Amino acid sequence: MKHVVSREIGGRTLTIETGEIAKQAAGATIVRCGDCAVLCAVTWGEPRWGGDFFPLTVDYRENNYAAGKIPGGFFKREGRPTTKEILTARLIDRPVRPLFPAGYMKDVSVAAAVLSADRENDPDILAMIAASASLSISELPFEGPIGASRIGRVDGELIVNPTHEQRDQGDIDLVVASIADAIVMVEAGAREVAEADIIDALEKAHEVNAQIVDMINEFAKLAGKPKIEFVAPEVDEELKSRIHSMAYDQLRKVIRTDGKFARKAAMDSVCDEVFKQICPEDEIEAETCPDPKAVKGMLSGVKKQVERDLIIEDQIRSDGRSFTDIRNIDTELQFLPMTHGSAVFTRGETQAIVTATLGTSFDEQRIDGLIDEKREQFMLHYNFPGYCVGESWPNRGPKRREIGHGALAERSIKPVLPDHDDFPYTIRVVSDITESNGSSSMASVCGGVLSLMDAGVPLKRPVAGIAMGLIEDGDNHYILSDILGSEDHNGDMDFKVSGTQNGITALQMDLKISGLSRDLMKRALEQAREGRLHILREMLKKLDRPREEVSPLAPKIMRITIDPEKIGLVIGPGGKVIKGIQEATGATIEIEDSGTITIWGKDTESAQAAREQVEMITQDVEVGATYDGKVVSIKDFGCFVEVLPGQEGLVHVSELSGDYVEDVSSVVKRGDALRVKVLESDPQGRLRLSHKAVLIDEGKLQPATGGDDDRGPRGGGRDRDRRGGGGGGGGRDRGRDRGPRR
């Protein structure tokens, strides 16, 4: 049976339906808004492996047919997930995963696919809603639903689920997922927006999401299946208490050990000793011995409690810092000599080598998705190898986490990049994490900014990032600045904020508690702002502004603007002219229809040489000016001389010399260099040139005297010269033999 629920959300009709498509799934819905439609199907089964975490898989795919497009490339079908698809899958996964009960280990799959796209609205929000609705009507013990919305701001007005055009115009792009009474996930980009404005946008999103949650609850009453009753595995409270008493005090003694690995080794040693006492090696296979997995899980729980109690009771953190202290920061610039810009950013035990590379427009990232193809001039790639945490795993390309962290760092820096018209480079930043103990993504932001400044990129303002944490104890909340990896794992919030001294550029938040009040959010953002400004001051001690010049290793860019009608002259027949310039100079030339020409040279000399040739081709010939030309053809009545590339004019036989010329080819030959003066350019652009005028100007020939023009007639001069009169006349010739003509 088909079930449909519709409501107006943000001025548009949102519809959720089920019962016709994918009926064999545990739950399947289609969510529509305008001409966008997204299908999400949920299935589940027994775990395929004996892991110790919830095996939830989320996939989101954008079918090209949804926008009436055929995939590019050789295979003509959708291939591996794009960056956009991976980021959207993460948007679904992050708020959904915590809403399954602790200890639930069934294999769950959430598959979302775009069926129809209108190229105006991003279907990612519909996919999040569809996933929530499908889980809510399934038999799975999902403790949702969640609502999801995007909030933009254009000209100071908050807009619910803005179009692509509105997002480009706005200064806030905020995605929020929330349950009925609390925000559980935030992903945001902004253009240096004040903290108070971000809080207003969050509250607006939560209001909208509450409506969507009500809508899904109504939908679940119509189409929902009875929920599977999940009973968490029984916990041996006596064993748990015994392990706690054996490990807690010992762990409290060693948790203050200096250094991540030393601290871990000390705590692991305590846990190993307790484990050996609980599960003696010679009895581990006996039925009377407790489950080793359960024992290790309980020990992990004790470690978590120890770190939380240290903060709550002793008001101090495991590395000795107060709640607001930032770890020591060290930076090194120009670390790699052959890169365009490089920096090493170290904060405590988190370290990143970050490089900046400047390329040409031919290096731009082409993105072909459901909307029209676009090009990105800025890319930030994040790498997290196993050695950075002292572990071993194979490198099989970027994982979803690496793509997500890179996107966050990219979003953080992008608002402060120079306008592309003013700085037309393609920019790629790569962050290689070499050590990690908390917030390597924010280290990538700080290191990325330093590497860009080192490369000479004129950033509007520097950006810094900080990761915040939270410990909740009843009505008490302890906000932590610059969290360690263990504080992220054992805490109640992972809250990353980046921005300039003027405002926020990016924000990411994942909550494990029931939500944050406005007052608590305000406290967290203010503490993050203070930490961010401290990090900025430390970052800028060695380099407080971008270098004055772009790296000498980077391509050199020059731009000129020509008359669009002369583009053909630069290109030449079959591209002959532009190819010749590029081969001769080693530069690369890009021509826009507007007449803007961008020249990329491997060095200043090659770019300048190409520019000079382009300017010669496109400049207007000036009447009265003298040019070093080249004879391109010989005629009976004169010769044609190319004064500028592609521009030639006639030197009449009477203008070749001060003497009589019987045969033009006896004076000049094709390919000869000939210095000429421009006498006239008629309305059709035809040029009348003279070599004789140059000789006169240089004092090598006396000007003729008399009433007639000493430069000779424009046409028919040959016959008049033979008669010895007309324009060729002059006092100097009267004393000469009448044989030769001029």
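**Loops, cavities and a helix crossing**

Student: Let's start with P145: in which loop is this residue found?
Tutor: Happy to begin there, and keep in mind that this is a predicted model. The β-strand on one side of the loop is β7, residues 147–154. The loop that holds P145 is the one between α2 and β7.

Student: What is the omega of the peptide bond from G144 to P145?
Tutor: Most peptide bonds are trans. The bond that joins G144 to P145 is cis instead. Its omega is near 5°.

Student: K76 and Q315 caught my eye for their phi values. Where does K76 lie, and is K76 buried or partly exposed?
Tutor: Good pick, as most residues other than glycine have a negative phi. K76 is not a glycine, yet its phi is positive, about 60°. K76 sits in the loop between β5 (56–62) and α1. With a relative accessibility of 47%, which falls between the 20% and 50% cut-offs, K76 counts as partly exposed.

Student: And which loop holds Q315, and what is its relative accessibility?
Tutor: Q315 also is not a glycine and has a positive phi, of about 55°. The loop in question runs between α7 (292–314) and β11 (329–333). Q315 counts as partly exposed because its relative accessibility is 42%.

Student: Now the interior. How many cavities of 30 Å³ or more are there, and what is the volume of the largest?
Tutor: Rolling a probe the size of a water molecule over the atoms shows where empty space is left. Searching the whole structure turns up 3 cavities of 30 Å³ or more. The largest cavity has a volume of about 180 Å³.

Student: Which helix gives the most to the lining of that largest cavity?
Tutor: The lining has 14 residues, and those closest to the cavity centre are C33, D122, I125, L126 and N161. By class, the lining has 9 nonpolar, 2 polar and 3 charged residues. Two elements supply at least two residues each: β2 (12–18) and α2 (124–137). The top contributor, with 3 residues, is α2.

Student: How are helices α1 and α8 oriented to each other?
Tutor: Two packed helices are described by the angle between their axes and the distance between the axes. Here the axes of α1 (residues 83–96) and α8 (residues 400–413) come within 10 Å and cross at roughly 95°. That angle lies in the range of 65 to 115 degrees, so the two helices are roughly perpendicular.

Student: What residue classes make up that contact?
Tutor: From α1 come T83, I86, L87, A89 and R90, while α8 brings R400, R401, I403, G404, H405 and A407. Sorted by class, the contact has 5 nonpolar, 3 polar and 3 charged residues.

Student: Is A177 buried or exposed?
Tutor: A177 belongs to strand β9, residues 172–179. Beyond its neighbours within four places in sequence, A177 touches P95, M128, I146, G147, A148, I183, V184, M185 and N209. Its relative accessibility is 0%, so A177 is buried.

Student: One more: what is the relative accessible area of H164?
Tutor: H164 has its place in helix α3 (residues 164–169). Setting aside neighbours within four places in sequence, its contacts are R119, E120, N121, D122 and I371. The cut-off for buried is under 20%, and H164 counts as buried because its relative accessible area is 19%.

Technical notes. Residues numbered from 1 in each chain as written. Predicted model: local features only at pLDDT ≥ 70, side-chain atom pairs only at ≥ 80, totals over all residues. Heavy atoms only, no water. 1 Å grid on protein atoms, 1.4 Å probe; cavity = no way out; pocket = protein on both sides within 12 Å on 5 of 7 lines; lining within 4 Å. Points joined across faces, edges and corners; volume = space filled by probe spheres on them. Helix = DSSP H or I, 4+ residues; strand = E, 2+ residues; numbered from the N terminus. Nonpolar A, V, L, I, M, F, W, Y, C, P; charged D, E, K, R; others polar. Axes fitted to C-alpha atoms, helices over the stretch in contact; angles between N-to-C directions. Parallel < 35°, antiparallel > 145°, perpendicular 65-115°, else oblique. Contact = heavy atoms within 4.5 Å. Buried < 20%, exposed > 50% of the residue type's maximum accessible area, 1.4 Å probe, protein only.
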